[in-house]
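Here's a quick tour of one protein model, written for someone just starting out with structures. Keep the 3D view open while you read.

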Amino acid sequence: MSFLNFMFTVIVIIAAAIGIYYLVHWIMRKRSAEVVTSDEIQANIRRVQVIDVRETPEFNAKHILGARNIPYSQFKMRFSELRKDRPIYLVDESMTIASRCANILRKNGYEDVYILKDGFESWTGKVKSEL
């Protein structure tokens, strides 16, 4: 096998692995939560639980006004703090971590779970900075 064939094979394998990774996350998100826009969250913000799953330094730098921080690194230990009878809106940087958190919630009987489309940067409502 020539070097070019070997490199092509390696690139194809890497591309396939990346594709599978994103496909698994997409399927997990579809099974666990509905993706919603900033406007949809703002319309219901007083009646729901907005949970920011970014780590504490990112949350403290800037977050949705009224959101609670349950960092992903603590989520498996703290998800039971969330009420099952109220919708849960998850926020992170790119929907990847929020998808994982939504999957944890689904596996533990939470049904009304949503993820902010395109992550925190797409938020158009009020924010708070603690720095």
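The briefing below goes through the sheet, the salt bridges, one helix and a patch on the surface. Keep in mind that this is a predicted model. Five strands make up an open sheet, and a search of the whole structure turns up five salt bridges.

**The sheet**

- Going across the open sheet, the strand order is E1-E6-E5-E2-E4, and the pairing is parallel.
- Strand E1 (34-36) and strand E4 sit at the edges with a single partner strand each, so one side of each has no neighbour in the sheet.
- Strands E2 and E5 pair in the parallel sense, over four bridges.
- One residue to look for here is Asp52, whose bridge partner in E5 is Val91.

**Spotlight on Asp52**

- You'll find Asp52 in strand E2, which covers residues 49-52.
- Is Asp52 buried or exposed? Asp52 counts as buried because its relative accessible area is 0%, and the cut-off for buried is under 20%.
- Setting aside neighbours within four places in sequence, Asp52 is in contact with Phe59, His63, Arg68, Asn69, Ile70, Pro71 and Val91.
- Val91 therefore turns up twice for Asp52: as a contact and as its bridge partner in E5, with the pairing cut-off being at least two bridges between two strands.

**Salt bridges**

- Asp52 also forms a salt bridge with Arg54, and their closest N and O atoms are 2.8 Å apart.
- Arg54 is buried too, at a relative accessible area of 7%.
- Arg83 and Asp85 form another salt bridge, again with the closest N and O atoms 2.8 Å apart.
- Out of that pair, Arg83 is partly exposed at 41% relative accessibility, whereas Asp85 is exposed at 58%.
- Salt bridges with shared partners tie Asp52, Arg54 and Glu93 together into one network.
- Arg68 forms a salt bridge with Glu81, where the closest N and O atoms are 3.3 Å apart.
- This pair links distant parts of the chain, 13 residues apart: Arg68 belongs to strand E4 (residues 68-69), while Glu81 lies in the loop between helix H4 (72-78) and strand E5 (88-91).
- Both ends of this bridge are partly exposed, with Arg68 at 33% relative accessibility and Glu81 at 40%.

**Helix H5**

- Helix H5 runs over residues 96-107, so to speak a stretch of 12 residues, and spans 17 Å from its first C-alpha to its last.
- That span is close to the 16 Å expected at 1.5 Å a residue.
- Which residues of H5 are buried? They are Ala98, Ser99, Cys101, Ala102, Asn103, Ile104 and Leu105.
- The cover over these buried residues of H5 includes H1, H4, E5 and strand E6 (113-116).
- After H5 comes Gly109, which has a positive phi near 90°.

**A nonpolar patch**

- Phe3, Leu4, Phe6 and Met7 make a nonpolar surface patch of about 450 Å².
- Met7, one of the patch residues, is in helix H1, which spans residues 3-32.
- Why can Met7 be part of a patch? Met7 is partly exposed with a relative accessible area of 31%, and patch residues need over 30%.

Notes. Residues are numbered from 1 along each chain as its sequence is written. This is a predicted model: local features need pLDDT of at least 70, side-chain atom pairs count only at pLDDT 80 or more; totals for chains, interfaces and linings use all residues. Side-chain values use heavy atoms; hydrogens and water are left out. Patches are made of residues with over 30% relative accessible area and no salt bridge: like charges are joined within 9 Å, nonpolar side chains (Val, Leu, Ile, Met, Phe, Trp, Tyr) within 5 Å. Accessible areas come from the Shrake-Rupley method with a 1.4 Å probe; for residues, only the protein chains shown count as cover. A salt bridge is a side-chain nitrogen of Lys or Arg within 4 Å of a carboxyl oxygen of Asp or Glu. Helices (H or I, at least four residues) and strands (E, at least two) are DSSP runs, numbered from the N terminus. Buried means under 20% relative accessible area, exposed over 50%, partly exposed in between (1.4 Å probe, protein chains only). Contact means heavy atoms within 4.5 Å. The expected span of a helix is 1.5 Å times one less than its number of residues.
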